[in-house]
Every structure is written in structure tokens, then in C-alpha cells.
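This report describes the fold of two protein chains and how their nonpolar residues are grouped. The structure is shown first, and the description follows.

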Amino acid sequence: MSSLLRVEPFSAGFFGYFAAETVLALGLVLMIVVPNLGRGTFRVPGTQVRVPWFFGGERYALTGRPDLPGYISVLTLLTALVLLINDLLNTWDHTTQEVLVHAVGDDSVRILAATPFSRLMEALFIGALFLVALASNDRYRSTPAREVRSLSALYNNRRQADLHILLLTCALGMTTVALAENLFVLFVGLELAGFSSYILVAFNKESKFGSEGGMKYFMVGSASSGVGLYGLSLLYLWAGTLQVDALALAWSNIGQEILPYVALGLMLVGFGFKVSAAPFHFAAPDAYAGASSPFAGLLATASKAMGMVGLFRILLVITLPEGTEGSAVWLVLLGVLAAITMTWGNLAALGSKNPKRMLAYSSVAHAGYMMAALTAVGVWNLGEASLDGAAEAASEAVLTALLFHLVVLVAFKMGAFLVIGLLEQEGEVKDDRTLSGLSKRSPLLAVVMFVFMLSLAGVPPLSGFLSKLLVIMGIVKVAAVDVAGSGASVSVFGLDLHWVWSLALLMVLNSAISVYYYLRIGVVMFFDAPAVGRDRPVPRTVFTAIAIAICLTGTVGFGVWGDPLIEVCRDAAEALLR
Amino acid sequence: MAGDSYASGLVVPDYALLIILLPMLAFPVILLLGRLFNGQDWWKGTMKEGGLLALPVMAASLVCSLMLIAKFIGQTTVSDTSTVLNWVNFGWHDAATGSIQAMSLDFGFYVDHTTIMLLFVASFLCLLINIFSIGYMNTDPINDNRNHRFYAEFVLFCSGMLGMVLSDSFLWLFIFWELMGLCSYLLIGFYYERPSAAYAAKKAFLTTRVGDVFLVIGLAMLWNLFQPYAAGQDALSYAVVFDGGHLQSIADAGKSGALQLAMGFMFIGAVGKSAQFPLHVWLPDAMEGPTPVSALIHAATMVNAGLYLVARMFPIFAAEAMHGAFTDLAFIIALVGGITACMAALIAFVQMDLKKVLAYSTMSQLAYIFTGLGAALFLANALDWHDPSYAGYDKNKTIVIVAFGAALFHLFNHAMAKGMLFMASGSVIHEMHHAHHDVHHHDHHDEEDDHGHDDHHDDFDAQSMANMGGLASRLPITATAMLVGSASIIGLPLIGGFWSKEGIIANTWRVAVDHDPRFLLPAFLVLITAGMTGFYMSRMWFMTFAGKPKSEVAAHVHEHTPWVPIPLLVLIPMSLGGIVFASMKVTKYLGYNGKQLDMNLIDGFLYEMDHVFVNPGAGYLLVLTYIAILLSLVVGPTVAMALHGGALDEGQKAKPWIQPFINLSERVNARRHFDNSGLADSTLATALEERLYFDAWYDAACEKLVAGFSVLAATFDRSVVDGTIKGIESGSQSTSSSVRRLTTGSARDYIMMAALGTLLIAVILWGVA
């Protein structure tokens with residue numbers, strides 16, 4: 001299938017194998033250098049001679065353009081994305097070249113690893129960031145378009161460069177998380193991306209909610225990170241290493257100890273915040289509502305997926321049951337958290353009038369669905385021979401579904417936020433009156449938004465339906481593995497099912513609730529009259545239109561023809577569970 | 001017939017998907033463009049409001065169909081079901097084994113001789129209808145600015161029909177079947193602002209719904225029967241259902257009765273779709289759609305879906321394992337056909353509306369095919385034709401093949417002839433309309449009122465034959481097409497319909513005489529219907545085209561609408577060429593997968609002539625042939641001529657091939673004219689005009705039974721269902737606000753909640769570990 005290649009960091013082949021990251025780093029350098037090129041001079045000390053050194057000073061016309069950083073960033077991310085998609089095509093052919101980066105001179109110390117799983121997650125992160133970068137190009141030119149004629153008055157290229165630098169550092173952090181084979185490396189990547197996103201939330205300076213949301217997000221985020229880091233340090237204290245495979249080995253020989261469990265609980269807090277699981281999600285609605293929409297979309301998709309990667313590493317790689325254990329130790333815990341999270345998210349979304357807050361809560365609910373799927377993976381001890389492949393297949397199916405859900409979520413969640421981003425051009429989006437009568441203003445946009453809503457609600461044949469169906473089916477499949485003698489089964493309609501089945505039921509009930517608030521957006525768009533001051537067609541913007549078109553293609557395309565992506569996700573799931 | 005012949009390795013080429021996909025994709029395109037450019041000049045003029053967008057699509061679809069047909073026409077085996085779309089994979093819990101079974105629903109193609117024939121009929125007629133509509137729809141101002149809706153629904157309909165024909169599973173057949181049902185509803189209700197059209201659409205939809213419910217039940221039973229043998233496949237796919245081994249297992253398990261019941265329920269679905277007794281009431285009303293295109297859909301293409309469904313069951317009836325198990329169902333099919341054939345022909349006697357005559361004729365002819373299918377299925381099921389060592393093997397096999405082939409051949413002939421007839425009737429009505437408009441305009445020349453064309457919607461009925469007459473010279477192409485079509489339906493010797501109709505009558509009688517006396521009833525009914533067909537079709541033609549114009553309008557009719565004559569000219573040879581098809585022994589080709597078309601035309605011709613007119617074998621069949629010819633060709637038309645024949649106006653002369661018929665009718669009319677007013681006032685005639693009171697009965701039954709139940713259901717819905725939902729909703733809303741109240745907006749509280757969460761984690765972990 002795939003072969004494993006061992007390289008040292010920064011050795012000869014390293015940059016080739018991590019071409020996407022290399023491109024990102026180069027893009028970052030370009031982003032710092034190019035907008036600063038100008039007619040700057042350097043005075044030779046002690047003389048009056050000024051030597052031009054092309055840096056600083058009055059910028060050239062080309063390098064001073066406010067839209068230049070956006071183009072650099074889009075091109076960088078696009079190149080990285082293309083490279084990664086090329087890797088994913090290899091995954092599809094089962095010809096992935098797996099690469100392991102180990103410490104110089106010691107190949108037992110693992111640092112990074114490129115597997116089908118990490119490649120998929122990288123592509124997800126970069127894809128989401130690409131959409132954001134693309135849409136921000138429009139956003140920062142068109143926001144003031146109504147009031148301020150001059151672009152440079154409010155938005156000079158310095159500010160644009162700052163924004164896109166943050167996006168690229170975010171990208172680097174996220175890819176590091178995807179690749180990390182060591183929890184410390186993972187944490188560094190997590191914080192790199194995390195800090196970038198705190199600032200990106202607060203970047204929406206025109207709105208007072210922007211800085212407020214960013215501040216809250218930062219405070220709650222740093223508190224959770226602190227707790228998570230504390231858990232990490234306890235883990236190190238216990239095992240003497242933070243390397244993932246070594247921890248997994250240590251966990252399989254665990255005795256009557258309290259330390260690793262405390263560490264596990266504390267780390268769950270840290271990652272729980274990232275995926276916005278209840279009750280660590282409170283800052284999320286404020287942050288989403290305050291941030292400008294593309295960044296809110298980023299938090300809801302890539303940032304959440306990043307948290308999920310962390311959870312995968314800890315829950316699925318390190319602490320998955322081995323040896324004689326039955327189920328994972330966190331099974332009940334995660335099940336309870338999932339149930340609370342999805343119900344809480346949906347109930348809160350039900351009454352939210354602000355579409356951005358509604359989407360924030362819906363993203364909490366989606367986190368609950370994902371955690372439910374994650375719970376199902378922990379039900380069986382896959383190493384136990386008596387389960388005879390059935391449990392393994394079921395666990396793999398549910399993990400595949402979860403990964404598929406993560407990927408397609410980027411399409412329709414981001415799409416919805418981008419549509420709202422378009423509406424933000426006309427002023428802040430605070431309640432659903434901004435959406436009312438959209439079908440009369442821009443019919444196509446209303447239809448597209450409705451498609452995203454339907455996909456979020458899980459209506460066939462859209463990808464949101466397929467992903468939800470696969471997750472629910474996967475959970476039921478796991479629950480229905482022959483559980484004779486496990487003592488964990490409940491009898492439902494005469495079938496012996498593991499209790500994890502009830503999470504699937506809860507998902508179905510929650511989906512039913514969620515249909516209400518998703519469809520309400522449709523009602524508002526198609527049946528209400530446009531609000532005063534928002535009755536002209538939504539301004540046309542090229543880049544955002546492209547980004548939305550990509551999202552729409554993904555939403556519909558993966559729904560009717562999801563097989564290739566499912567195949568890739570299956571390989572990724574296999575790589576993760578291996 | 002061995003089971004394994006249903007799965008050979010032939011692969012359907014990829015372009016076959018285009019046949020379905022192109023029209024399906026054209027649907028949103030036309031709709032969207034229509035919405036965007038509605039009313040603009042280029043859209044109306046150049047694009048014909050979407051008509052010229054649909055045309056290339058349907059043409060491409062036809063080309064792909066023809067390529068597919070050309071690929072398979074020489075084959076003697078069935079193409080394999082080649083999966084082109086993996087739709088859904090899912091697991092389900094098998095109670096028997098207690099494990100999760102994988103299950104997939106794939107879309108694939110199934111191509112055999114029945115498919116090829118229907119594929120040709122559907123794609124060919126759809127293209128012609130498209131051409132016809134461009135002439136018909138776009139020249140009528142009442143359709144202005146909404147033709148895009150018509151064309152969009154039309155292409156979607158076509159993709160439904162083509163998909164149904166090509167699909168490889170009863171499940172997909174059902175899906176496309178329902179797609180057609182939807183489009184038929186939309187098209188019948190095209191003039192939804194007219195209460196009668198809205199009512200007709202609702203009626204058609206609800207009536208076929210009754211059949212569809214049974215179809216779903218039947219399919220569910222079928223799925224249940226075959227699921228144990230499906231091995232993860234779609235249990236309704238033909239590959240699974242037609243497999244001889246599976247059928248043998250079912251017979252061994254003693255479940256052939258259940259299988260018969262399942263197919264019986266499916267047959268009820270076919271009864272609804274093909275407008276057979278007792279679910280026939282919707283078809284005449286369906287003529288409310290845009291004249292006559294929707295009528296054509298409901299005559300030449302969609303109603304064939306029910307026939308196709310029954311014909312698809314042939315392999316099950318023919319299976320060796322099921323020998324003699326399904327004779328009852330075959331009889332019911334033939335009986336329903338016989339009753340409908342006779343009843344519809346009777347009602348057609350008194351119809352004055354040109355399209356309604358054709359509608360009832362459709363019903364009657366479809367019923368013929370059902371009778372023929374019933375007889376063929378009986379023979380396939382009851383005769384011993386599986387074992388080559390049996391003495392009568394060859395003879396029996398030929399009998400089965402010819403019986404089945406004759407029914408399918410009649411389907412082909414009827415579709416071609418009826419397609420032509422409906423388009424010709426559309427041409428008549430359209431030109432009548434125009435003439436009426438001209439005449440009217442002329443009369444009120446001074447009154448320049450602003451009502452525009454509102455004022456010609458007075459009580460003049462352009463569809464009533466009472467206003468026509470003498471059109472033979474004024475509409476030469478239309479009159480010729482009508483003549484050929486009617487001749488084919490009547491069964492004029494050597495023309496298309498003759499061969500197949502004789503086949504159906506002969507085979508039904510053969511079953512009745514040789515095997516099962518119960519068949520005497522349908523056999524007798526179809527025989528006398530032959531004579532009745534002769535009458536009502538001739539009556540229609542003579543009333544419309546012969547004699548003097550019965551209204552001022554009819555005297556001013558001209559044939560001048562563009563596009564309309566094209567399909568007529570194309571279809572005339574299709575009906576006239578029946579003899580060529582017959583000489584190719586097309587009945588044998590259609591009847592059995594092992595046969596090839598016989599290209600030796602002279603021999604084939606001599607063989608057929610010898611067989612039909614001199615029949616050296618069974619004497620009673622020969623007698624029967626001549627009785628049928630006598631009834632349909634002599635008795636029926638003579639009575640019609642005596643009642644409605646007559647010479648044209650002075651100075652009007654029809655085309656030389658039409659004039660003899662007019663002259664003949666004039667002579668018969670002069671000599672044998674009788675007064676039928678006594679008959680016309682009889683209770684029978686009144687009952688026929690009221691369509692034998694079926695509609696009244698159904699209305700009364702609905703009012704008495706269903707309406708009461710509806711009130712109950714509505715109350716239940718309002719108080720219990722809505723009450724519960726609203727309760728849940730208000731409950732959720734209030735919970736929602738209390739949950740959201742926890743989001744205070746203060747970061748301190750958020751961290752506090754996170755701390756509580758940490759505590760929760762600690763407690764749960766403590767409990768577990």
C-alpha cells in the first residue's frame with residue numbers, strides 16, 4: 001500500500017516532501033518583504049551619503065497597492081492546496097508516500113509524520129484558509145465602498161499585509177497540528193494558529209463587537225489552553241515523553257494510577273474549547289458574531305477541525321483501549337459531553353435571531369455530532385481477536401464518516417458565512433432582518449444560501465445529508481456489533497445494542513430541532529419583505545462569488561458524488577487507527 | 001427460458017447515460033433561462049421560449065438511443081446490468097442472522113428487446129412532439145411568456161420516461177415512474193388558472209396515486225421475497241428478480257402465491273398509470289392540458305409505462321420454476337383489458353369532442369394490449385416450453401413468443417398511430433382556432449375593442465366535431481395523417497395495427513379454446529371491440545373531414561402553422577410500413593430474446609400473408625381473422641358512413657388518395673342513411689355520455705366515505721399533530737431562551753462555566769476509572 005520514508009528535519013528531501021509547508025513559509029517571507037519595498041535609503045554612518053536600499057520609505061506604486069497582499073496570500077494558499085490535492089490523489093490511488101521526520105541522528109524520536117490522515121487534514125485547513133483569503137480580498141475593499149471612496153484612507157496595504165500574514169501563520173500552525181507526532185509540537189502548532197485566530201477575530205475593528213469578541217475569545221481560550229498545557233505537563237511527568245507512539249505504548253501498560261487520568265481530563269478541556277464543546281463554547285458565539293464573517297467561518301471549520309485533530313491524537317491514538325480493556329476509559333465522559341453539546345447548541349440556536357450567532361450555535365451542535373461519532377470509535381477494543389473484524393470495520397466506518405463530515409462542513413458552513421459576509425458590506429449583521437427579502441434583492445444568492453441551510457440541516461442529496469447519514473449509520477453499526485457478554489448492551493426493539501446507539505437517536509432528534517431554525521432562514525429570505533435600507537441588490541463581488549461558487553460545488557458535488565472523498569477519508573481513518 | 005440468459009456480459013456503452021441525463025439537465029437550464037429572459041425578443045423569436053433549446057437535446061437523446069439500439073439489435077442476448085451510478089450504500093440489520101448486512105442501490109441499464117422497442121418509441125415520439133409543440137404552443141398567444149415552463153416540464157417528463165425504460169431495477173423504474181407522474185400533473189395543470197384544468201390535474205394525480213400505493217406495496221412484497229437472495233444487491237434489480245435460481249428457491253419455499261400477489265399489486269399500479277378499468281377516469285380529463293401535446297403524452301408515451309411494467313414481469317411468468325402458478329393473475333390482466341376495451345369503445349361512440357374520442361380510443365387500445373399481454377403471460381406460464389425434449393416444445397415456444405410479441409408490436413403500432421392522430425387532431429383544433437379568430441375578427445371589424453383575444457373565448461368549441469366537417473380538402477396533410485392513423489387503429493389489412501391486433505385477438509381466443517375457458521369472456525369482448533373500433537374511428541374521421549362544413553368557421557380553415565406538419569409527415573410511413581415490420585417477423589423478435597430480425601423481406605411477407613389469410617393450421621383462428629376483418633373493416637365503418645358520410649362542398653376537392661373514401665361515404669350515406677335519433681336519446685346513450693356514471697359514482701363514494709374521514713383526519717391533524725408540534729416548538733423556544741440566558745456576555749462567567757465543565761469531566765472520569 002504505502003511505504004514509510006524516514007527523513008531528518010531540513011535534510012535534502014525534506015522540503016520536497018513538505019512542499020506545501022515550504023510554499024507557505026516562502027509566501028510568508030514574500031508577504032513581509034514585498035509590501036515593504038520602496039524608495040527607502042540608508043545613510044552611511046558618519047557621512048551624508050544616502051545609499052538606496054529599496055526597503056521602507058515611500059512605497060512603489062505596485063508594492064504599495066492595498067490589494068497586493070491579498071493576491072500573494074491567495075496564490076500561496078492556492079499553490080499549497082494544489083500540492084496537497086496532488087497528495088490526496090495519491091491517497092486515492094493508495095500510493096501515498098508516507099514520510100516520518102525524526103530527530104537528527106535518532107530515528108526513534110518522532111517529530112512529524114505525513115500520512116493519508118495528515119494530508120487530508122492539511123488539505124482541509126489550507127482549503128478553508130484559501131476560501132477565507134479569497135473572500136477577504138473583496139471584503140476589505142468593499143466594506144467601506146459605500147461610505148469612503150478612497151481605498152487607502154482606511155485600508156492601506158500595511159493593514160492588508162498584517163491580515164494576510166496572520167492567515168499564513170494560521171496556516172502554518174494548522175499544518176503543524178496535522179503533521180505533529182509529538183504532543184508538544186502539536187501544542188506549539190495549536191497555539192500558533194490559535195493566537196493568529198484571536199487576532200483575526202479582533203481584526204474587525206470597525207465593529208465594537210469585533211474587539212470585544214476577540215478579547216473574550218482570547219481570555220477563555222488562554223484559560224483553556226493553560227489548563228490543557230497543565231494536563232500535558234502532567235502527562236510528561238507521568239510518562240517522561242510527549243511522543244504520541246511512546247504515550248500510546250505507556251497507556252497500554254497503565255496500572256492503578258491517577259496521574260494520566262487527570263492529565264487526560266485536563267487536556268480534554270483544552271481541546272474541548274477548540275472544538276467548542278459545551279460547556280467550553282461560551283466565547284464562541286460572541287467571537288463569531290464579532291469577527292467578520294469569513295473569519296467566523298474559519299473558526300467554525302478549520303479551527304474546529306484542528307481541535308478535532310488534537311482529540312484524535314489523544315483519544316484515538318494514545319488512549320484507545322488495548323490489551324484486555326473493554327471500552328475506552330473516556331467513553332462515558334465523551335458520550336455525556338457529546339449529548340450535552342449537541343442539545344445545548346441546537347436549543348440555543350433555536351432562539352437566536354442573529355444569523356451569525358445562530359450559525360455559531362449550530363457549529364456547537366455539529367461539534368456535538370462529531371463527538372458522538374468519536375465516542376462510537378471508543379466502544380470496542382479493536383485489538384481483541386474475538387470481535388472478528390466486525391468491530392474494526394464499524395469503527396473505521398464511523399471515523400470515515402466523521403472525517404467526511406469535517407471536510408464537507410468546510411463547504412457549506414463556510415459558504416453560509418461567506419454569504420453573510422456579502423451582506424456585511426452593507427453594515428453589521430445583527431439580526432435576521434438583514435436576510436429578509438434576499439430573494440427579491442439577489443435571487444441567486446438567496447437560493448445558494450438556502451442550499452447551504454438545507455445542507456446544514458441534512459437534506460438529501462446535499463453533502464450535509466450524506467455526512468450526517470454516514471455518521472448516524474456508523475454509530476448504529478458500532479452499536480450493533482455483536483455484544484454478547486459485554487454487559488453494556490440495552491435491548492431496543494428486541495435487538496441488543498450498545499448504549500452508544502442512543503447518541504445516534506439523540507442526533508436524529510437534534511437534527512429534527514435544527515431543521516426549524518435552518519428553514520426559518522429560508523422563510524425569512526423568501527417570504528419577508530426586504531428591510532428598510534437593505535432593499536437594493538447585494539453588491540457584486542468577484543472573489544467572494546468565486547469562493548461561494550466553490551463552496552456550492554462542494555456542497556452539491558460531494559453530496560451526489562461523494563465516493564472519491566469517502567475513499568480518501570477511509571484511507572485517512574485507516575492510517576489514524578493503525 | 002433459462003434464468004442465466006438474463007445476465008450476459010454485454011456492456012451498455014457510457015453514452016447511454018446521456019439519453020436520460022441530457023433532458024434531465026435541460027430541465028433546470030430551460031427553466032432558469034426562461035425565468036431570466038422571459039419576454040425578451042431573442043428568447044421568444046430565436047429560442048422559441050426554450051423550444052429550440054429542448055429540440056437539440058431531444059435530438060441528441062434520440063441519436064444516442066439509436067446508437068444504442070443499433071448496437072443491440074443484432075444481439076440475441078440481454079445486456080448485463082452495468083452499474084453506472086452507485087447511489088447509496090447502507091447497512092441494515094438482518095434479524096435472521098443478527099448481523100448488519102451491506103446493501104447498495106445502484107443505477108444500471110437493462111437492455112433487451114422490449115427496452116429497445118420502447119426506447120425507440122419514447123425517444124422518437126418525444127422528439128416529434130417537441131417539433132410539433134414549437135409549432136403549436138408558440139403560435140398561440142395564450143401561452144405567451146410561459147412556454148419555457150412547458151418545455152422544461154416536457155424535457156423532465158422525457159427523461160423520466162427514458163429513464164424508466166432503461167433502468168435495471170423495479171426500484172428505479174418506480175422512481176422514474178413517479179417523476180413522470182409529477183410531470184404529468186404539472187402538464188395537465190399547465191393552464192392552472194382554469195378550474196377545470198386544475199381539477200383534471202388533481203384528479204389524474206390522485207387516481208394514479210391509488211394505483212401507485214398498490215405498486216409500492218407490491219414492490220415491498222417483491223423486495224421481501226427476493227431480499228434473501230440479493231446478496232447485498234438491490235433486491236428489486238432485474239438481475240436478481242429474473243434469476244431462474246432465485247425463482248426456483250422461492251417456488252421451493254412455497255412462496256409462489258405471495259409472488260403472484262405481489263405482482264398483482266404491481267399490476268394495479270399499471271392499471272392506474274395506463275388508465276384501465278376501474279382507474280380509468282382520469283384520462284379523458286387529462287385532455288385539459290395544452291392541446292394536444294399533453295394529450296399525446298398521455299396517449300403515446302406515458303400510458304405505455306403501465307404496459308411496460310406488466311411486460312417486464314414476463315420473465316417471472318416464463319420461469320420454469322413458476323410453471324402454472326400465475327394463471328389467475330394472467331386471467332385478471334386479460335379480463336381487465338377486455339372490459340376496458342369494450343367499455344371505452346362504447347363511450348367513444350357518443351363523444352363529440354375530437355380529443356376525447358381519441359382519449360377513449362387510447363384507453364381501448366391500451367386495453368387490447370393488456371388483453372394480449374394477459375394471454376401471452378398465461379401461455380408463458382401454463383405451456384410446457386422449457387424442456388426441449390418435450391414433444392410439443394417447438395410449437396409451444398412459437399406460440400408463447402408470437403403471443404408476447406404481438407402484444408408488444410401492438411404497443412409500438414398504437415404509439416405511432418396514436419401519436420400521429422393526436423398531433424393531427426391538434427392541427428385540426430389549432431387551425432379551427434385560427435379560423436375562428438379570423439372569422440370573428442372579420443365580423444367585429446369596426447368595434448376595435450381592447451379586449452384583445454379575450455373575446456374569442458366565447459362559447460365556440462374548437463374541439464367539437466359538431467363544428468367541423470368537410471375539412472379533407474382544407475387540411476390535406478392532416479386529413480391524410482388522420483386517415484392513416486385511423487386505419488392503423490382500426491386494423492386495415494397490411495397496415496401496422498392490423499398485424500398486431502389480429503395477433504392479440506387470435507391468441508386470446510387460442511387460450512380460451514385450447515387452455516382456459518375463462519378467457520372466453522375477454523376474447524369475446526376484444527372481438528366485438530374490433531367492430532366498435534371500426535365504427536368510432538370512422539365516425540370521427542367522417543364527421544371531421546367528410547360532408548359539408550357544419551359551421552362557418554370550418555369553411556375558413558387553412559393549414560398554415562409552421563412546424564406542425566413535419567411530425568405528421570414523418571409518422572405516416574411509420575404506420576403504413578407495418579407490413580415491412582411484419583415481414584421482418586418483428587413479433588418473434590420482440591417476443592423472445594433468442595430471435596433476430598429477419599431481413600429476408602419477400603419470404604417474410606409471403607409467410608405472413610400465408611399465415612394470416614390462409615392459415616393452414618388452426619381452422620377456427622382463420623375464421624376468427626375474417627370475422628375480425630369483417631367487423632372492423634366493413635360493419636363499423638359502414639355504419640359510420642351511413643350516419644356521417646357525405647360529399648364535400650361544391651368546388652372542393654380532396655387529394656386523390658382521400659377522395660375515394662369521401663365518395664364511398666357519400667354513396668353509402670345516400671343509400672343506407674337511417675335516422676338514429678331514437679338511439680341517440682336512449683338511456684344507453686345518455687349513460688355513455690355520462691361516461692357510464694363512473695365519475696359520479698366515484699364522487700359520491702368519495703363524498704360519503706373519504707370526505708368524512710378527511711374531516712376526522714383534519715381534526716386529528718390540527719389538534720393532536722399540530723398541537724404536539726406546536727407544544728414541542730414553544731417548549732423548545734422557552735428552553736432555548738433559558739439556555740441562552742446562560743451566555744451572559746461576560747468572559748468571567750464563561751471561564752467559570754469552563755471550570756464547571758472541568759469539574760464535570762473530573763467527576764465522570766472519577767466514576768469510570
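Two residues are in contact if their C-beta atoms, placed from the backbone, lie within 7 Å. In this predicted model, Leu379(B) has such contacts with Ile399(B), Val400(B), Ala403(B) and Val511(B), leaving aside residues up to four places away in sequence.

Leu379(B) also stands out in the largest nonpolar core, where Leu379(B) and Val155(B) are the residues with the most contacts inside the core. That core has 250 residues. Helix H17 of chain B, which covers residues 393-443, supplies its largest share, 24 residues. Another core lies apart from this one and has 219 residues. Its members include Tyr17(A), Ala193(A), Met371(A) and Trp380(A). In soluble globular proteins, nonpolar side chains tend to be buried together.

The two chains can be described by their secondary structure. Chain B has 30 helices and 2 strands. In chain A there are 21 helices and 7 strands.

The table gives burial and contact values for each chain. The last column refers to contacts between residues at least 6 apart in sequence, and gives the share that joins residues at least 24 apart.

| Chain | Residues | Buried | Contacts joining residues at least 24 apart |
|---|---|---|---|
| Chain A | 578 residues | 57% of residues | 78% of contacts |
| Chain B | 769 residues | 53% of residues | 82% of contacts |

Conventions
Residues are numbered from 1 along each chain as its sequence is written. Chains are lettered from A and ligands numbered from 1 in the order in which they are written. This is a predicted model: local features need pLDDT of at least 70, side-chain atom pairs count only at pLDDT 80 or more; totals for chains, interfaces and linings use all residues. Helices (H or I, at least four residues) and strands (E, at least two) are DSSP runs, numbered from the N terminus. A residue is buried if 20 or more other C-beta atoms lie within 10 Å of its own, exposed if 12 or fewer, and partly exposed in between; C-beta atoms are placed from the backbone. A nonpolar core is a set of buried Ala, Val, Leu, Ile, Met, Phe, Trp, Tyr and Cys residues joined through C-beta atoms within 7 Å.
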